Amino acid sequence: MADWELRLASVADVEAVAELRAVVLRPDLVRLGRYDKQRVRQRLRDGFTPAHTWMIEVGGALVGCVALRPAKDAYWLEHFYLDPDLQGRGIGSAVLSRLLERCDREDAAVRLNVLQGSSARRLYERHGFTIETEDDVDVFMVRHPSSPGDRDHSVGSSPGGSSSSSSPARSGLHPRLRFAP
């Protein structure tokens, strides 16, 4: 697995993330008959919040992103996209493990939605997400915090992850998973 880093997103990242979203979601949206090249990008622009979004970089190049938005009763995992050429190499799993470890420390549930038939669903299921509800397009999933005994087996410093000061493991994410600039 390649070494990767997380950095806090900025407003300047929105177009790169919108384009990445269009590339990653296109096959599933086409399969579902829901692909619209403008709408797929605009939905990202409309919901992009840099304060809750991290850019995933390998060798200084943008390869993905992930957002963890606080809500009343949980966090929402959103905009988790990884360059298709790097999928299946453990980067997404390592990033997700690191974020979930922080949520476990806060005893916080995590919710997400994934498109019906998306291969990403297998990743989420491997990390303990279960279906709450679903419709013809979306599957809504939840992961409740692991117990302290389960945490002993979780990834502390994800393999392949860097230890840069902007990574979640070293950025003072307490109490609500926010990076210190």
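## A tour of the pockets, cavity and salt bridges

Start by selecting α1 (14-31), α2 (37-47), β4 (74-82), α3 (91-105), β5 (109-115) and α4 (120-126): each of these elements supplies at least two residues of the lining of the largest pocket. Keep in mind as you go that this is a predicted model.

**Stop 1: the largest pocket**

With those elements highlighted, turn to the space they line. The largest pocket has a volume of about 1,200 Å³. Its lining comprises 40 residues, and the ones closest to the centre of the pocket are L25, F80, Y81, V114 and Y124. Show these five as sticks and centre your view on them. Which element gives the most to this lining? Colour α1 to see the answer: this helix contributes 7 residues. If you now colour the pocket lining by class, you will find 19 nonpolar, 10 polar and 11 charged residues.

**Stop 2: the cavity**

Next, look for enclosed space. The structure holds 1 cavity of 30 Å³ or more, and about 40 Å³ of space lies in the largest cavity. Select G47, T49, H52, T53, A67, R69, E78 and H79 to display its lining. Here, β3 (61-70) and β4 are the elements that give two or more residues. By class, the cavity lining splits into 1 nonpolar, 5 polar and 2 charged residues.

Stay with two of those lining residues, R69 and E78. Their side chains form a salt bridge, with the closest N and O atoms 3.0 Å apart. R69 is partly exposed, at a relative accessible area of 31%.

**Stop 3: two positive phi angles**

H79 is another residue of the cavity lining, and H79 sits in strand β4. Check its backbone: phi is near 50°, a positive value in a residue other than glycine. Is H79 buried or exposed? Its relative accessibility is 15%, so H79 counts as buried.

Now jump to D107, in the loop between α3 and β5. This residue is not a glycine either, yet D107 has a positive phi of about 60°. With 57% relative accessibility, D107 counts as exposed.

**Stop 4: a salt-bridge network**

The structure holds 11 salt bridges. For a linked set, select R7, D13 and E57, which are joined in a network of salt bridges. Begin with R7 and D13, whose side chains meet at 2.9 Å, N to O. Then add E57, which forms a salt bridge with R7 at 2.6 Å between the closest N and O atoms. This second pair links distant parts of the chain: E57 belongs to strand β2 (residues 53-58) and R7 to strand β1 (residues 5-8), 50 residues apart.

How accessible are the three partners? R7 is partly exposed, with a relative accessible area of 25%. D13, at 9% relative accessibility, counts as buried. E57 counts as buried too, at 13%.

**Last stop: the whole chain**

Zoom out and switch to a cartoon view. The protein chain has 5 helices and 7 strands, which run along the sequence in the pattern β-α-α-β-β-β-α-β-α-β-β-α. Of its 181 residues, 46% count as buried. Among contacts between residues at least 6 apart in sequence, 64% join residues at least 24 apart. Finally, turn on the surface: the chain exposes about 9,200 Å², and carbon and sulfur atoms supply 48% of that area.

How values were computed. Residues are numbered from 1 along each chain as its sequence is written. This is a predicted model: local features need pLDDT of at least 70, side-chain atom pairs count only at pLDDT 80 or more; totals for chains, interfaces and linings use all residues. Side-chain values use heavy atoms; hydrogens and water are left out. On a 1 Å grid over the protein atoms alone, a cavity is a set of points where a 1.4 Å probe fits but cannot get out, and a pocket is an open set with protein on both sides within 12 Å along at least five of seven lines; lining residues have an atom within 4 Å of a point. Grid points are joined across faces, edges and corners, and a volume is the space filled by probe spheres set on the points. Helices (H or I, at least four residues) and strands (E, at least two) are DSSP runs, numbered from the N terminus. Ala, Val, Leu, Ile, Met, Phe, Trp, Tyr, Cys and Pro count as nonpolar, Asp, Glu, Lys and Arg as charged, and the others, Gly among them, as polar. Buried means under 20% relative accessible area, exposed over 50%, partly exposed in between (1.4 Å probe, protein chains only). Contact means heavy atoms within 4.5 Å. Accessible areas come from the Shrake-Rupley method with a 1.4 Å probe; for residues, only the protein chains shown count as cover. A salt bridge is a side-chain nitrogen of Lys or Arg within 4 Å of a carboxyl oxygen of Asp or Glu.
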